[in-house]
Amino acid sequence: IGRGIMELWKRPDQLKAVVRELASLVKSGRVAGGVLFVSSAARATVYANRCAGLRAIVGTCVEAVEQGIAAVGANVLIIEYNFQRLERMLAMAQTLIETQRAALPTIERELSELKSCGY
C-alpha cells in the first residue's frame, strides 16, 4: 500500500485507486487493513465504506479509534493529517495495528440489511 499512498500524496485525485488497491489487498489476505492520511476525510470514508471488506473510521483520537474497532471491527483508519499532530497520528495508527478485531456477526447482518436501503 506504500506505493498507493505515495501516489495519493502526488495526486489527490487518485484516492479511489488507493482505496481500491487497499480493498484488494485486504480481500487477498495480504494485509489486515490500512491507514489513509488525507486532507479531508469525507470522500475517503465514503469510498472505503463502499468496499465490502473495509470498515473505515475517521480517527480523531485514540479513544475514538478503540471505540470504532470495538463497535464495527474497523480495519481502515482515516486520518486528516492537517488537523492532527504527528504523535497523535502515530498513536492512532498504532492502536489500529495492535488491537485484535473480533468477528461481529451482528454488524455483518445489519450491514447486509442496509445494502438495499432506499433503493
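A residue is counted as buried when its relative accessible area is under 20%. Threonine 45, with a relative accessible area of 18%, is therefore buried in this predicted model. Threonine 45 is placed in helix α3. Apart from neighbours within four places in sequence, threonine 45 is in contact with Val58 and Ile78.

The chain as a whole contains six helices and three strands. Read from the N terminus, these elements follow the order α-α-β-α-β-α-β-α-α. The chain has 119 residues, of which 34% count as buried. Contacts that link distant parts of the sequence were also assessed. Among contacts between residues at least 6 apart in sequence, 59% join residues at least 24 apart.

The three strands make up an open sheet, in which their order is β1-β3-β2 and the pairing is parallel. In general, the strands of a sheet pair through backbone hydrogen bonds, and the pairing may be parallel or antiparallel. In this sheet β1 and β2 (56-58) are the edge strands, each pairing on one side only. Neighbouring strands are turned against each other by 25° on average, with direction ignored. Between β1 and β3, which run parallel, there are five bridges. The bridge partner of valine 38 is glutamate 80, a residue of β3. Strand β1 is mostly covered, as four of its five residues are buried.

The largest nonpolar core holds 16 residues, and those that touch the most other members are Val19, Leu36, Val38, Leu54, Val76 and Ile78. At least two residues of this core come from each of α2 (15-28), β1 (34-38), α3 (41-49) and β3 (76-80). Helix α2 gives the most to the core, namely six residues. A second core, separate from this one, consists of eleven residues, including Val35, Met89, Ala93 and Leu96. Returning to the largest core, valine 19 touches Leu36, Tyr47, Ala48, Cys51 and Leu54, when residues up to four places away in sequence are not counted.

Helix α2 is described next. The helix has 14 residues and spans 20 Å from its first C-alpha to its last, close to the 20 Å expected at 1.5 Å a residue. Its buried residues are Leu15, Val18, Val19, Leu22, Ala23, Leu25 and Val26. These residues lie on the same side of α2, because they cover an arc of only 165° around the axis. Arg20 and Lys27, on the other side of α2, are exposed. The helix is followed by glycine 29, which has a positive phi, near 85°.

Glycine 68 is a residue of helix α4 (residues 62-72). Its relative accessibility is 11%, so glycine 68 counts as buried. With residues up to four places away in sequence left out, glycine 68 touches Ile57, Gly73 and Ala74. Glycine 68 and arginine 55 are separated by 13 residues in sequence, and their C-alpha atoms are 9.0 Å apart in space.

Threonine 60 is found in the loop between β2 and α4. With a relative accessible area of 45%, threonine 60 is partly exposed, whereas threonine 45 in α3 is buried. Threonine 60 and isoleucine 79 are 19 residues apart along the chain, and 7.4 Å separates their C-alpha atoms. Not counting residues up to four places away in sequence, threonine 60 touches Gln84, Arg88 and Met92.

Methods: Residues numbered from 1 in each chain as written. Predicted model: local features only at pLDDT ≥ 70, side-chain atom pairs only at ≥ 80, totals over all residues. Heavy atoms only, no water. Core = buried A, V, L, I, M, F, W, Y, C linked by side-chain atoms within 4.5 Å. Buried < 20%, exposed > 50% of the residue type's maximum accessible area, 1.4 Å probe, protein only. Contact = heavy atoms within 4.5 Å. Pairing = 2+ DSSP bridges. Axes fitted to C-alpha atoms, helices over the stretch in contact; angles between N-to-C directions. Expected span 1.5 Å × (residues − 1). Arc of directions from axis to C-beta.
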